[in-house]
Amino acid sequence: MAEEMQLTKLDVNMTPANVEVPNLDETVETVTAIVEKYADMPVASSTMRIGKSTRSDLNKLADQIKRTRIDTKKALLGNWDETEEKLKQLEESTKNASETINTQIKELEAKEKEDRREQINREIEKIADEYNFEASVIKFDDRWLNKSAKWKETEAAVREQFEDAKKERELHELRVSQVDAKAKELGIDAGGYIRLLHSEDLSFVLEKMEQDVKQREAELQARREAEAQMEQRHQEQLAEATQVGDKFVDNDTGEVIPEELEVPRHDYNLVFRSITSNQANYLYNELENLLKPAGVIFEMKEM
């Protein structure tokens, strides 16, 4: 095939042109002087005829120069335009044939790469099962698709990514256990803080847990104090009020003061740790006897 593509060298017979214009410098000097003389020629209504005549003479002079240039070039080139066109056509048809083959080759190469990608992905899924991971954790390297790429090297790169993912998972599990332990210590839910580990360091999360608990305790304390003040104020109002029948009336405003203050109600968690089932049943019965008469609703379930 290579021998068939060998083209017999084209023999080109040509003689390098050497154009001589003996009076070129003199002509350049003459024309330059004319141009400089008339380049800034003012034209007014009174000199319109002279302007048109001068323009016509300049155009004729430019055409004469142009014709000399074109005729000289044409004489020098001879039949080159025709020869060049034939060579261009040959060049284009040859490139078109090559491009047709190139398109098919690229399609085949793309198909081969896609087949290699599928094959590699199947192997990655097998390795993923070994590590108990999803294959999607692997960042696919397109260099693995090169024909020169060896599977042994690709496999090593894949396993290295899985090892890194495994270490990260183990580290995350360790961080989760620390957050979980801290949550139990503080008596709070760990869920939101565990999710926060995906974007924040462990130290930040642990510190935030303590800060949130302190803030919550401060808010609860402030609420308790406010409710205690409400209750104290209510008792003071009752003590200062005048009883009319079964009602208590404020001496200053004349408003009726309710005997029972309507205070906000809240939910509470009471945690019993490390107790037996019998102890749990005993506590339940005792709490029921104590709280039910007071209208307190409670529930008790094993953690």
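This report describes the nonpolar cores, a helix pair and one further helix in a predicted model.

## Basis

In this predicted model, local features need pLDDT of at least 70 and side-chain atom pairs count only at pLDDT 80 or more, while totals for chains, interfaces and linings use all residues. Residues are numbered from 1 along each chain as its sequence is written, and side-chain values use heavy atoms, with hydrogens and water left out.

## Nonpolar cores

The largest nonpolar core (buried Ala, Val, Leu, Ile, Met, Phe, Trp, Tyr and Cys residues joined through side-chain atoms within 4.5 Å; buried means under 20% relative accessible area with a 1.4 Å probe, protein chains only) has twelve residues, among them I120, Y131, W144 and F162. Two or more of its residues come from each of α3 (80-131) and α4 (151-186), helices being DSSP runs of H or I with at least four residues, numbered from the N terminus; α3 gives the most, with five.

Beyond its neighbours within four places in sequence, I120 is in contact (heavy atoms within 4.5 Å) with F140, W144, L145, W151 and T154. A second, separate core of eight residues includes V179, L197, L202 and V205.

## Contact of α3 with α4

Residues including I120, I124 and Y131 in α3 meet residues including W151, V158 and F162 in α4, and the residues of this contact divide into eight nonpolar, one polar and seven charged.

## Helix α2

Helix α2 (residues 48-77) has 30 residues and should span 44 Å at 1.5 Å a residue, which agrees with the 43 Å between its end C-alpha atoms; the expected span is 1.5 Å times one less than the number of residues. Just after α2, G78 takes a positive phi of about 60°.

Methods. Buried means under 20% relative accessible area, exposed over 50%, partly exposed in between (1.4 Å probe, protein chains only). Ala, Val, Leu, Ile, Met, Phe, Trp, Tyr, Cys and Pro count as nonpolar, Asp, Glu, Lys and Arg as charged, and the others, Gly among them, as polar.
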